[in-house]
Amino acid sequence: MSHNGPSSILVFDVNETLLDITTLEPLFDRVFDDPAILREWFAQLVLYSQTMTLSGLYTPFGELGAGALRMLASIHGKTLVDSDIDELKERMNAMPAHADVVPALARLRDAGFRLVTLTNSASAASPTPLECAGIAEFFERSFSVDAVQKFKPAPEVYRLVAEKLHVELSDICLIACHVWDTIGAQAAGCRGALITRPHNAVLPAARVPIPDLIAPDLSDLADQIIKRWQTQTTR
């Protein structure tokens, strides 16, 4: 794989990278008396999605999310009712975009980059979460792991995007605020760009790929991307 050329295709993770998952906190505050349990739930959701893939199994992300909520309720000695699960699903489908997202996406689109999304969440009927957040218009296509029934960071997921767009993996830069996602993308042959939103950071360990670009927010990352690749992309 050569990284000498530009990354003209920017592939965005969705949950937490583009959409603000902290809007789920009121549910966790009400059920667990602690909004910070949101982070425990999200970590368990990621853990068990990857466990399912490694085990050769698949259950849609939303169903795993509901199961993880029930599991945490059992662990913490809390009682859940069906309306709590309904509220989780409703809130997940209506998460707003982070404040930096629209301006940064507009700049990247205007600079000539192709923008797509890749999410662990299942494909959704309209209005999709991206439509509800007002950012669907920025993206050429939206990909779900449903198509391969494996969760990120399985290499098949990143290959799916390259195959459907008829490009090489090296043409792609995966943008996420989860280093497990950038590790997977880089191991598959893509570039990786990490947004270090709160609760996310680089993993400093031997043989762990360091993201090609690192920024505290999407605005700063857009600056870096345009500076590094726009001239090459638009030639």
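Q: Contact means heavy atoms within 4.5 Å of each other. On that footing, which residues does Ala-122 touch, leaving aside those up to four places away in sequence?
A: This is a predicted model, and in it Ala-122 touches Ser-144 and Asp-146. Ala-122 itself sits in the loop between strand S2 and helix H6 (129-132).

Q: Why is Ala-122 called partly exposed?
A: Partly exposed is the label between two cut-offs: buried is under 20% relative accessible area and exposed is over 50%. Ala-122 comes out at 32%, so it falls in between and gets the middle label.

Q: How far apart are Ala-122 and Phe-61, in sequence and in space?
A: They're 61 residues apart along the chain, yet their C-alpha atoms are 6.4 Å apart in space.

Q: What makes His-166 count as exposed?
A: The bar for exposed is over 50% relative accessible area. His-166 reaches 74%, so it clears the bar. You'll find His-166 in the loop between helix H7 and strand S4, and it has a positive phi of about 60° although it isn't a glycine.

Q: How do you know that Arg-207 is exposed?
A: Same test: over 50% is needed, and Arg-207 has 86%, so exposed it is. Arg-207 lies in the loop between S5 and S6. Its phi is positive too, about 65°, although Arg-207 is not a glycine.

Q: What makes strand S2 (residues 114-119) mostly covered?
A: Buried means under 20% relative accessible area, and five of the six residues in S2 are buried.

Q: How do you know that S2 pairs with strand S1 (residues 9-12) and with strand S3 (residues 141-144)?
A: Two strands pair if there are at least two bridges between them. S1 and S2 are joined by four bridges and run parallel. S2 and S3 are also joined by four bridges, again running parallel. To put some residues on that, Phe-12 has Thr-117 as its bridge partner in S2, while Thr-117 stands opposite Ser-142 in S3. Val-116 stands opposite Arg-141 in S3.

Q: Why are S3 and strand S6 (213-215) said to stand at the edges?
A: The open sheet has six strands in the order S3-S2-S1-S4-S5-S6, with parallel pairing. S3 and S6 each have a single partner strand, so each has one side without a neighbour in the sheet. On average, neighbouring strands here are turned by 20° against each other, direction ignored.

Q: Why are helix H1 (residues 25-32) and helix H4 (residues 82-93) called roughly antiparallel?
A: The cut-off for that name is an angle over 145 degrees. H1 and H4 pack at about 160°, with axes 10 Å apart, and therefore they count as roughly antiparallel. H1 passes H4 in a left-handed crossing.

Q: Which residues make the contact between H1 and H4?
A: From H1 it's Pro-26, Leu-27, Arg-30 and Val-31, and from H4 it's Asp-84, Glu-87, Leu-88 and Arg-91. By class, that gives four nonpolar, four charged and no polar residues.

Q: What is the peptide bond like from Ser-126 to Pro-127, and from Lys-152 to Pro-153?
A: The bond from Ser-126 to Pro-127 is cis, with omega near 0°, and Pro-127 is in the loop between S2 and H6. The bond from Lys-152 to Pro-153 is cis as well, with omega near 15°, and Pro-153 is in the loop between S3 and helix H7 (155-165).

Conventions: Residues numbered from 1 in each chain as written. Predicted model: local features only at pLDDT ≥ 70, side-chain atom pairs only at ≥ 80, totals over all residues. Heavy atoms only, no water. Buried < 20%, exposed > 50% of the residue type's maximum accessible area, 1.4 Å probe, protein only. Helix = DSSP H or I, 4+ residues; strand = E, 2+ residues; numbered from the N terminus. Axes fitted to C-alpha atoms, helices over the stretch in contact; angles between N-to-C directions. Parallel < 35°, antiparallel > 145°, perpendicular 65-115°, else oblique. Left-handed = near helix turned anticlockwise from the far one by under 90°. Nonpolar A, V, L, I, M, F, W, Y, C, P; charged D, E, K, R; others polar.
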